[in-house]
Amino acid sequence: MYISFNNISDYGEVPYPEGYRHWAHVKTAIVGHENPFMRFRGMHHIYANDLAMKGYVSGKFPDGSVIVFDLLEIKTEPNTDIVEGERKFIDVMVKDSLRYDSTGGWGFEEFNKNSLTERNILNLSKQKCFNCHAKTKPTDFVFSAFRK
Ligand code: HEC
């Protein structure tokens with residue numbers, strides 16, 4: 001049966017990144033309540049698998065690289081100022097240069113809250129994710145950097 005270009009099975013589902021909380025921690029940042037990027041408000045941690053760590057060093061991410069942007073609410077607690085709240089979503093990038101050729105070789109997906117199956121993006125990755133990540137073509141569409 002013919003599958004149209006926009007069909008989700010053609011784009012290829014990005015798998016849930018099992019175990020990413022045990023991967024290398026790239027960085028953490030807080031996007032405050034005044035920030036215009038409303039949906040990214042909160043505290044995010046970025047994690048990378050071993051292949052993606054090679055990419056952070058070389059600037060070119062090999063196929064099989066996976067990077068996770070884990071976004072949590074922020075809240076205040078006595079004596080600790082700002083701490084993690086509930087998870088809002090995780091954003092995932094998976095490198096497969098053939099399958100995701102039309103989005104810089106990266107597959108983009110978002111999983112809602114703590115769900116392993118509830119996808120927020122499906123085949124809208126180009127509009128919702130790639131158009132912004134395209135600004136970082138010189139660093140292989142990745143914004144963050146790994147500090148020593
Ligand atoms: C408006 C611009 C914008 C949009 C839209 C956007 N991102 Fe990002 N993304 C960023 C920025 C900026 C960072 C770096 C955050 C940091 O360094 O703390 C980032 C970081 C990431 C990272 C960590 C790797 C990296 O590039 O640093 C992943 C994974 C990610 N985004 C996935 C997604 C997914 C999936 C979507 C769509 C649901 C998406 N992004 C939409 C701007 C965007």
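Ligand contacts and the largest pocket

An oxygen atom of the ligand sits 2.6 Å from an N or O atom in the side chain of His44, and this pair is a convenient place to begin reading the structure, which is a predicted model. Two further polar approaches can be followed from the ligand: one of its nitrogen atoms has a polar side-chain atom of His133 at 2.9 Å, while an oxygen atom of the ligand lies 2.8 Å from a backbone N or O atom of Phe143. Taken as a whole, the surroundings of the ligand comprise 22 residues, and the closest of these are His44, Cys129, Cys132, His133 and Ser144.

From the ligand we can turn to the largest pocket, which holds about 740 Å³ of space and has a lining of 26 residues. Nearest the centre of this pocket lie Phe40, Phe69, Asp91, His133 and Phe143. By residue class, the lining consists of 15 nonpolar, four polar and seven charged residues.

The elements that build this lining are spread along the chain, with strands E1 (24-31), E2 (42-48), E3 (66-77), E4 (81-95) and E5 (106-112), together with helix H3 (125-133), each contributing at least two residues. Helix H3 gives the most, supplying four residues to the lining of the largest pocket.

How confident is the predictor, and where does its confidence fall under 50? The mean pLDDT of the protein is 91, and 93% of its residues reach 70 or more. Over residues 1-9, however, pLDDT stays under 50, and for this stretch the model has nine contacts beyond four places in sequence.

Terms used: Residues numbered from 1 in each chain as written. Predicted model: local features only at pLDDT ≥ 70, side-chain atom pairs only at ≥ 80, totals over all residues. Heavy atoms only, no water. pLDDT = per-residue confidence, 0-100. Contact = heavy atoms within 4.5 Å. 1 Å grid on protein atoms, 1.4 Å probe; cavity = no way out; pocket = protein on both sides within 12 Å on 5 of 7 lines; lining within 4 Å. Points joined across faces, edges and corners; volume = space filled by probe spheres on them. Nonpolar A, V, L, I, M, F, W, Y, C, P; charged D, E, K, R; others polar. Near = heavy atom within 4 Å. Polar contact = N/O pair within 3.5 Å; in protein donor to acceptor, adjacent residues only side chain to side chain.
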